[in-house]
Amino acid sequence: MKQFIYMDNAATTRVHPEVLQAMLPYFGEEYGNPSSLYSFANGAKNAIEEARAKIANAIGAQANEIYFTACGTESDNWAVKGCAYANAARGKHIITTAIEHHAILHTMKTLEKEGFEVTYLPVDEYGRIRVEDFQQAIRPDTILVSIMYANNEIGVIEPIAEIGKICREKKIYFHTDAVQAVGHLRIDVKELNVDMLSASAHKFYGPKGVGFLYIRRGVRIQNFMDGGAQERGRRAGTENVAEIVGMGKAIELAYTDFEEKISYISRLRDRLIDGILNTIPFTRLNGPRENRLCNNVNVSFQFIEGESILLMLDLRGIAASSGSACATGSLDPSHVLLGIGLPHEIAHGSIRLSLGEFSTQEEVDAVIAALQEIVPKLRDMSPLYEGVERR
Ligand code: PLP
């Protein structure tokens with residue numbers, strides 16, 4: 001049988017078998033509507049409240065501060081638009097970064113069309129924002145700051161607690177897109193000083209199509225959906241019971257034996273990085289060595305196209321990505337790689353390999369071996385490589 005090696009866990013993860021088991025009854029016998037009053041519906045109602053409690057417990061929040069959504073994108077849209085609209089009378093200035101996911105960047109563009117002003121903080125060569133730049137960007141009319149906890153393309157972790165402290169002092173609302181962070185970093189919303197935090201279950205071995213938004217009690221925010229009384233009237237619509245249950249189970253599992261899992265994945269990550277950089281010339285790691293998500297490897301291969309590498313990896317049964325899955329299909333180089341100062345041609349030669357708890361050392365070694373074959377082959381065909389001194 002042809003090998004299959006999944007190296008795209010930042011795009012999505014496989015549903016954990018225990019998560020699937022936890023969900024199954026809610027596609028079957030437990031089909032009651034959680035809003036119904038009769039006792040048959042109590043199973044569904046209790047199950048979603050149990051999931052809410054598990055999520056709150058995992059991030060140091062109160063259960064009534066957790067709101068279920070359909071995905072990370074919805075959580076981001078709700079946090080940013082909901083907070084901007086509800087606080088527009090106080091000011092119309094928002095601060096974010098140049099390397100956010102499009103769920104944030106495109107939301108900001110919409111707000112700009114509606115008269116909000118947005119400052120996009122630049123990042124350093126590793127993708128970190130500078131706290132001084134942030135402090136300088138704050139204005140009397142700044143109402144909201146949205147900065148991602150960890151970047152989906154290059155894995156850099158941003159100084160969220162530090163930014164949060166400043167926001168708290170200045171009484172500015174602070175949202176973090178933690179879609180890549182939940183399940184990979186320990187999270188305590190109080191220590192981080194965040195008012196809102198977005199997450200998505202399919203990034204931590206839960207199902208696709210369900211996420212949550214943490215909204216600290218007291219934050220002024222508009223409702224996301226008007227309708228029934230679900231989610232305390234703020235996000236109406238009959239709950240996606242099975243998936244919410246799956247997300248609760250997934251977050252519980254993610255933080256069980258957490259340190260062991262993270263150190264296992266980090267070791268694989270370092271082996272993959274070293275294996276590539278030490279044996280294939282004209283390569284560079286994008287993002288920092290330290291302060292990096294345990295599962296992220298992003299490498300540029302000079303003189304060739306990332307897409308060609310991906311196709312050749314695919315022929316060998318290896319699934320990887322050229323950056324954010326949402327940007328696949330676009331010919332523009334990644335805004336994140338340009339944001340860290342890479343020239344276009346280097347940005348175009350980049351791929352992202354993202355590991356997970358089901359990854360193995362054998363798979364890592366097979367990927368290194370595949371790249372050792374693919375990269376020289378592609379370079380031999382590349383006019384850019386002609387005349388380059390071979391090492
Ligand atoms: N934010 C970040 C940082 C992400 O990586 C993603 C997905 O890749 C999202 C938001 C969107 O999440 P979802 O796919 O659940 O809408």
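A: Let's start with a word we'll need: two residues are in contact when they have heavy atoms within 4.5 Å of each other. Also keep in mind that this is a predicted model.

Q: Okay, so what share of the contacts with a separation of 6 or more comes from residues 24 or more positions apart?

A: That share is 73%. Here "positions apart" is about places along the chain, so you compare residue numbers and then look at who touches whom.

Q: How do I read the overall build? How many helices and strands are there?

A: Count them along the chain and you get 13 helices and 12 strands. For the outline, look at the C-alpha trace, which spans about 75 × 55 × 35 Å along its principal axes.

Q: What does the radius of gyration say about the chain?

A: You set it beside a rule for a compact globule. With 391 residues, that rule gives a value near 21 Å, and the chain has 22 Å, so the two agree. As for burial, 57% of the 391 residues count as buried.

Q: Which domains does the assignment give?

A: Domain 1 is made of two stretches, 5–13 + 257–389, while domain 2 runs over 17–254. The contact between them takes 33 residues from domain 1 and 34 residues from domain 2. Their centres, taken over C-alpha atoms, are 28 Å apart.

Q: And holes inside? How many cavities of 30 Å³ or more are there?

A: There is 1, and about 80 Å³ of space lies in it.

Q: Which residues line the largest cavity?

A: Among them are Gly183, His184, Lys203, Phe204, Lys261 and Glu357. Sorted by class, the lining has 5 nonpolar, 2 polar and 3 charged residues. Helix H9 (residues 258–279) gives the most, with 3 residues. Each of the two domains supplies at least three lining residues.

Q: Now backbone angles. Where is Phe282, and what is its phi?

A: Phe282 is in the loop between H9 and strand S9 (283–285). Its phi is near 55°, a positive value in a residue other than glycine.

Q: Is Phe282 buried or exposed?

A: Check the relative accessible area against the cut-off: buried means under 20%. Phe282 has 18%, so it is buried.

Q: What about Asn291: where is it, and what is its phi?

A: Asn291 lies in the loop between S9 and strand S10 (296–301). Its phi is also positive, near 55°. With a relative accessible area of 42%, Asn291 is partly exposed.

Methods:
Residues numbered from 1 in each chain as written. Predicted model: local features only at pLDDT ≥ 70, side-chain atom pairs only at ≥ 80, totals over all residues. Heavy atoms only, no water. 1 Å grid on protein atoms, 1.4 Å probe; cavity = no way out; pocket = protein on both sides within 12 Å on 5 of 7 lines; lining within 4 Å. Points joined across faces, edges and corners; volume = space filled by probe spheres on them. Helix = DSSP H or I, 4+ residues; strand = E, 2+ residues; numbered from the N terminus. Nonpolar A, V, L, I, M, F, W, Y, C, P; charged D, E, K, R; others polar. Domains from an automatic or database assignment. Rg over C-alpha atoms; globule rule 2.2 N^0.38 Å. Buried < 20%, exposed > 50% of the residue type's maximum accessible area, 1.4 Å probe, protein only.
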